[in-house]
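Here are my notes on the model you sent over. Have it open while you read.

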Amino acid sequence: MAVIGTGYVGLVTGVCLAEAGNEVICMDVDKDKIALLRGGKVPFYEPQLDGLLVENLFRGRIAFTTKVEEAVSRAEVIFLALPTPPTANGSADVSAILQVAQQIAPFLQGDAVVVTKSTVPVGTTEKVKEMISRRTRVCFHVASNPEFLREGKAVSDFLYPDRIVIGVEDEYSESKLRRLYEPFVRQGNPIVVMDIRSAELTKYAANLFLAMRISFINEVALLCERLGADVEKVRLGIGTDTRIGKHYLFPGIGYGGSCFPKDVLAVIRMAEDVGMELLLPVAVHRVNERQHRYFVEKIVRFYGNKLASVKLAVWGLSFKANTDDLRESPALYVVRELLDKGAQLRVHDPVALASARRVLGNTVEYVEDMYGVLEGVEGLVVATEWLQFRTPDFGEMKRRMRLPVVFDGRNLYSPEIMEREGFSYVSVGRSSILQHCV
Ligand code: NAD
């Protein structure tokens with residue numbers, strides 16, 4: 001088994017397949033990453049992954065290389081887990097996939113199955129096949145196997161998936177992939193086999209749907225604020241309906257991360273390429289952008305022209321809890337906007353401070369302690385829903401802050417409790433409590 005690309009998807013795939021007893025070799029162009037991995041160190045924060053990596057290295061089931069030939073030449077199945085970032089016009093950039101397809105071609109053994117695991121526009125796996133065909137005479141197969149893991153829960157998502165989607169064009173690839181995934185299938189959670197194009201589109205449809213739910217509740221939140229309703233009550237009221245369900249209905253500062261924003265845009269472009277104008281993803285994207293802006297506007301409104309002289313603290317920088325991934329993080333959007341408007345910022349994140357330093361440089365002050373960061377500030381912005389932020393010591397917070405004001409972009413607290421504790425409290429889709437002025 002070979003996995004090309006050892007990012008969030010590739011590494012989790014490689015380690016979990018090794019855990020199931022396969023012999024896996026992972027390849028990446030990033031030499032530093034490969035050196036770390038060989039030493040048993042995961043280059044990013046992902047719960048449970050370190051332990052499984054060390055265990056499988058120790059058992060000799062997983063190895064790492066920077067050489068394509070070494071990875072591919074003995075592999076029966078080759079997963080391409082490469083980045084597909086957005087281009088300037090929003091379409092997915094599949095150049096890494098196609099480049100690797102060319103590189104692996106001369107080294108493929110007969111009957112190898114090349115699987116696109118990355119999220120790729122419909123037709124990409126066909127292009128992979130074409131690229132390889134031009135450079136080899138051996139018989140090989142292609143398949144699509146989109147990944148649905150969530151960062152922060154990636155290992156358990158991979159080990160216990162809701163379903164596994166496989167797109168194939170022949171029985172050989174189907175049986176190879178079925179055998180590989182058999183250990184991960186629980187009763188009732190199916191391997192869904194389909195054609196390659198449908199599998200590629202399934203991934204985009206899933207992400208668009210989830211992003212749509214977030215934009216939906218965020219738009220309901222705006223309406224709640226205007227009409228004096230409480231979005232948390234409305235959320236419960238609708239989420240308990242089994243036809244609707246509770247997942248991905250949390251109002252906040254908009255979705256982010258390396259998938260939803262790029263995949264929503266890619267769907268729009270994919271449709272345009274076949275002469276179609278899709279209305280829904282455009283709306284989902286616009287609502288999300290407005291949600292980022294709207295939250296910052298609330299902070300701006302509170303401080304008025306004093307914003308340029310206030311010092312604020314920020315809790316949470318990653319795009320969501322349990323990851324240090326800052327890609328398209330709404331928290332970073334808020335940080336940059338506030339800096340742009342002259343605010344001084346002290347920031348804290350349980351695991352993302354090191355990655356934040358690389359992108360924010362010395363524009364903000366980094367503080368390791370969640371209470372220490374509050375020292376002398378005139379407000380706190382809660383931007384990521386980390387568990388440790390949910391039940392803080394409010395007394396300690398007030399003792400540290402110069403002004404007890406909280407802008408809660410994740411609705412972590414109850415407005416009633418915040419009022420009782422003496423905070424000014426601004427959240428999403430609920431009435432604000434304004435007890436202090438600057
Ligand atoms: P990532 O950026 O974390 O990792 C990609 C890896 O590929 C990096 O380690 C990079 O060094 C390596 N790479 C780049 N070019 C290479 C090349 N030519 N040869 C070998 N290695 C190369 O990306 P990711 O988050 O793992 O995402 C990979 C794909 O999976 C994307 O299409 C993404 O949309 C999709 N996906 C991501 C997630 C997620 O939560 N991150 C979930 C599901 C699907």
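The points below go from the whole chain down to one sheet.

1. First, a reminder that this is a predicted model. The protein's secondary structure adds up to 16 helices and 14 strands.

2. On overall dimensions, the C-alpha atoms fit a box of roughly 75 × 45 × 40 Å along the principal axes. The radius of gyration is 24 Å, which agrees with the value near 22 Å for a compact globule of 438 residues.

3. How much of the protein is buried? Of its 438 residues, 55% count as buried. The accessible surface is about 19,600 Å², with 52% of that belonging to carbon and sulfur atoms. As for contacts with a separation of 6 or more, 71% are between residues 24 or more positions apart.

4. Now the sheet. It is open, has 8 strands in the order 3-2-1-4-5-6-7-8, and its pairing is mixed. Strand 3 (62-65) and strand 8 (191-194) are at the edges; each has a single partner strand, so one side of each lacks a neighbour in the sheet. From one strand to the next, the twist averages 25°.

5. For a closer look at one pairing, go to strand 6 (residues 140-144) and strand 7 (residues 164-168), which run antiparallel and share 2 bridges. Here Ala143 sits opposite Val168 of strand 7.

6. Two helices to check against the sheet: helix 2 (residues 31-38) packs on it, touching strand 2 (24-27) and strand 3, with its direction at about 155° to that of strand 3. Helix 9 (residues 196-227) also packs on the sheet, touching strand 6, strand 7 and strand 8. The direction of helix 9 makes about 145° with that of strand 7.

Definitions and conventions:
Residues numbered from 1 in each chain as written. Predicted model: local features only at pLDDT ≥ 70, side-chain atom pairs only at ≥ 80, totals over all residues. Heavy atoms only, no water. Pairing = 2+ DSSP bridges. Helix = DSSP H or I, 4+ residues; strand = E, 2+ residues; numbered from the N terminus. Axes fitted to C-alpha atoms, helices over the stretch in contact; angles between N-to-C directions. Contact = heavy atoms within 4.5 Å. Rg over C-alpha atoms; globule rule 2.2 N^0.38 Å. Buried < 20%, exposed > 50% of the residue type's maximum accessible area, 1.4 Å probe, protein only. Areas by Shrake-Rupley, 256 points an atom, 1.4 Å probe, with all protein chains shown as cover.
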